[in-house]
Amino acid sequence: MSTLHTILTVLLVAPLIGSIIAGLFGRQIGRKGAHSVTIAAVALSTVLAAWVFALFVIQGHEPYNASLYTWMISDGIKFEIGYLIDSLSATMMLVVTFVSLMVHIYTIGYMDHDADYPPENPYYQRFFSYISLFTFSMLSLVMANNFLQLFFGWEAVGLVSYLLIGFYMKRESAIQANLKAFLVNRVGDFGFVLGIAIVVMYFGTLDYQTFFNGLDAHKDDVIDFGWGPVSMITAATLLLFVGAMGKSAQMPLHVWLPESMEGPTPISALIHAATMVTAGIFMVARLSPAYELSEVALSVVLLVGAITAFMMGLLGIVQNDIKRVVAYSTLSQLGYMTAALGVSAYAAGMFHVITHAFFKALLFLAAGSVIIAMHHDQDIRNMGGLKKYMPITYWTMLIGSLALIGFPGFSGFFSKDSIIMATEASEQFGAGFAHLLLVAGVFVTAFYTFRMFFLVFHAPESEYVRTHDIHESPKVVTVPLILLSIPAVLVGWPMIGPILSGSYFADSIFVLPEHDVLREIYEHHFHGALNMVIHGLFTLPVWLSFAGVALAWYMYIKNPALPARVQQACPVCYRILENGYGFDRFNEIVFVNGSRKLGEFFWKVIDQTIIDGWMVNGTANLVAVAARNWRQLQTGYLYHYAFVMIFGTLILLLWALW
């Protein structure tokens with residue numbers, strides 16, 4: 001096991017070492033040195049992650065749970081850094097490192113065409129340092145065997161995302177976006193920390209396995225918050241889920257994710273595909289033994305996910321920035337993953353995390369390729385007819401779009417269809433309503449995805465396209481697109497059977513027998529991947545996706561004047577969607593303006609009036625007035641002092657006699 005321990009340590013720290021070299025010695029090693037060392041480090045981690053995946057997933061090695069070192073012990077609680085490697089973490093490690101490697105390679109071509117940072121600018125090296133550090137942070141999170149390391153990775157990806165979203169620091173919008181991401185995630189992290197605090201208080205440990213072993217003994221414990229007793233496990237899991245809502249952008253803590261598009265496109269792909277936003281999904285799946293003991297927590301997770309999936313999908317319809325369309329699709333797909341967790345279909349949710357990582361990274365990088373060709377114009381209304389100029393980008397983006405809408409045979413079909421079937425089979429409270437929203441979301445997803453696709457590649461060429469030199473991106477950009485296209489098509493075929501049967505994550509995810517909807521689907525409906533594809537051609541979700549594509553084609557290719565008429569016919573609906581349901585406006589009024597007014601109140605009333613005016617200056621003035629008045633008693637005449645002494649003595653005698 002010492003060899004495995006060494007391999008895991010190298011896998012984890014290699015991106016960190018690459019990040020340190022590129023960050024501290026970037027000027028000395030130059031642009032080529034920076035991207036070479038970080039790519040080599042992440043490539044090494046990818047190779048080792050593939051070896052770990054083969055060992056734990058393909059060969060079925062028993063889970064490896066070990067401590068790397070103990071940081072400190074306080075009141076009997078160990079603060080450790082360690083590894084928990086099983087099918088869940090091994091799969092996430094491979095996905096994270098592979099997608100990160102593709103992003104690193106792609107970044108060479110993308111940043112080379114970035115007019116904001118010419119070759120002599122050292123920020124190129126800093127960007128590679130950041131994305132390599134991002135990879136290390138996510139690996140720390142998924143490899144953790146305790147809540148302390150989970151929290152470290154959790155906060156580290158949040159910190160690096162702050163740096164990357166605001167990478168274009170000369171733009172005011174980028175600075176506002178990274179500040180919003182930082183603050184919204186702190187709201188979620190407040191609940192996350194409270195959840196961990198409950199675990200420590202009741203279980204006396206930060207270790208996952210010790211926590212899981214103590215669940216049966218504490219499942220009946222309650223906490224009295226003042227309004228009545230609440231199950232301790234329900235309180236802990238709900239608070240932990242608040243953290244997941246912030247990190248995985250569930251309503252109402254979703255507002256930061258669309259703003260993250262202010263960062264360069266490669267980091268958009270890294271944040272949205274394999275890191276950060278999937279951390280919340282991973283955390284809930286990792287803690288499945290605890291969530292299985294709380295029906296309330298599962299129902300909350302289910303309804304939050306389903307509402308997010310549908311409502312965020314609608315917002316994608318009115319977006320004109322190519323990256324924002326893909327960003328809102330991420331919000332919607334995260335809702336599908338979260339809903340799967342709520343019906344105890346953790347494996348299906350993680351399956352969608354895996355497939356989504358490939359096709360969403362593909363879509364973002366393809367969108368970046370389009371942006372490069374358009375000389376960094378991101379408005380899809382200024383595009384059109386790019387198919388003949390960018391054939392590789394066209395076909396790879398088509399593959400990503402088909403996977404996103406769940407076209408039969410593509411990876412997204414297997415994972416999304418599993419989630420929809422799981423909500424239909426579940427008896428969890430709210431499952432019927434959630435199923436309705438998820439099915440409706442299939443139509444919405446297909447419509448906004450192919451609205452973007454048709455406007456970019458098939459609509460008549462815009463004046464901008466006709467008057468500019470548009471051509472295919474260089475190989476350093478297109479090769480990652482081709483490599484990501486392969487799993488976007490194929491990864492679902494070998495995985496769907498083990499996922500539904502429960503054998504894939506059998507060593508890492510726990511589901512009560514009465515909650516095991518995937519097993520029911522496997523035994524009664526699944527008859528092989530090919531039969532699932534054939535059967536899918538006759539199901540409502542697939543036909544709704546076809547209808548969404550057809551409607552997008554009709555409205556934006558066949559009858560392009562129709563969208564404007566629809567907008568004029570329903571201006572209120574369009575305005576609501578364009579304003580994102582008013583969440584940003586609400587936050588601005590309540591939290592931004594409210595905080596400003598509260599600050600002014602504390603400044604003017606509490607600080608200036610009460611503290612400075614009454615307590616500090618008031619005390620000094622009172623002493624001055626008293627001194628001025630008492631000074632009049634100091635006359636200097638002996639008979640005055642004698643009179644005061646006699647009068648005082650008389651008062652004391654009278655008080656004593658009384």
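**Helices, domains and salt bridges: a chat about this model**

Trainee: How far does helix α21 reach from its first C-alpha to its last?
Mentor: Helix α21 covers residues 475–490, which makes 16 residues. Helices here are DSSP runs (H or I, at least four residues) and strands are E runs of at least two, numbered from the N terminus. The expected span is 1.5 Å times one less than the number of residues. For α21 that expectation is 22 Å, and the helix comes close to it with 23 Å.

Trainee: Before we go on, what kind of model is this?
Mentor: Residues are numbered from 1 along each chain as its sequence is written, and side-chain values use heavy atoms, with hydrogens and water left out. Local features need pLDDT of at least 70 and side-chain atom pairs count only at pLDDT 80 or more, while totals for chains, interfaces and linings use all residues, since this is a model that is predicted.

Trainee: How much of the protein counts as buried?
Mentor: Buried means under 20% relative accessible area, exposed means over 50%, and partly exposed is in between (1.4 Å probe, protein chains only). In α21, for instance, the buried residues include Val477, Leu481 and Leu484. Of the 658 residues of the protein, the buried share is 56%.

Trainee: How many helices and strands are there?
Mentor: Picture a C-alpha trace spanning about 115 × 65 × 60 Å along its principal axes. The secondary structure in it comes to 29 helices and 4 strands.

Trainee: What share of the contacts with a separation of 6 or more comes from residues 24 or more positions apart?
Mentor: A contact means heavy atoms within 4.5 Å. Among contacts with a separation of 6 or more, residues 24 or more positions apart account for 80%.

Trainee: Okay, domains. How much area do domain 1 and domain 2 bury between them?
Mentor: The bounds come from an automatic or database domain assignment, which gives domain 1 (1–145), domain 2 (187–569) and domain 3 (583–657). The C-alpha centres of domains 1 and 2 lie 24 Å apart, and 39 residues of domain 1 are in contact with 45 residues of domain 2. Buried area is the accessible area (1.4 Å probe) that two parts lose on being put together, summed over both. With 77% of it on carbon and sulfur atoms, the area comes to about 3,700 Å².

Trainee: Which three residues supply 21% of the area that domain 1 buries against domain 2?
Mentor: No other three residues supply more of that area. They are Leu88, Tyr106 and Tyr110.

Trainee: And which element gives the largest share of the side of domain 1 that touches domain 2?
Mentor: Between the two domains there are 8 residue pairs in polar contact, with both residues at pLDDT 80 or more. The elements giving two or more residues to that side of domain 1 are α2 (26–58), β2 (77–85), α3 (87–112) and α4 (123–143). The largest share is 19 residues, and it comes from α3. A polar contact, by the way, is a pair of N or O atoms within 3.5 Å; within protein, one must be able to donate a hydrogen and the other to accept it, and residues adjacent in sequence count only if both atoms are side-chain atoms, but the element you wanted is α3.

Trainee: How far apart are the closest N and O atoms of aspartate 86 and arginine 286?
Mentor: A salt bridge is a side-chain nitrogen of Lys or Arg within 4 Å of a carboxyl oxygen of Asp or Glu, and the whole structure has 8 of them. This pair links distant parts of the chain, 200 residues apart: aspartate 86 is in the loop between β2 and α3, and arginine 286 is in helix α12. Across the interface of domains 1 and 2 the rule finds 1 salt bridge. For aspartate 86 and arginine 286, the closest N and O atoms are separated by 2.8 Å.

Trainee: Is arginine 286 buried or exposed?
Mentor: Look at its helix: 8 of the 8 residues of α12 (residues 279–286) are buried, so the helix is largely enclosed by the rest of the structure. Its partner, aspartate 86, has 2% relative accessibility and counts as buried. Arginine 286 is at 3% relative accessibility, so it counts as buried.

Trainee: Which residue does glutamate 259 form a salt bridge with?
Mentor: The closest N and O atoms are 3.4 Å apart, and the partner is arginine 324. The two sit 65 residues apart along the chain, glutamate 259 in helix α10 (residues 256–259) and its partner in helix α15 (residues 322–342). Glutamate 259 is buried, and so is arginine 324.

Trainee: Last one: which backbone oxygen does the side chain of threonine 308 reach?
Mentor: Threonine 308 lies in helix α14 (residues 295–316). At 0% relative accessibility, threonine 308 counts as buried. At 2.8 Å, its side chain reaches the backbone oxygen of valine 304.
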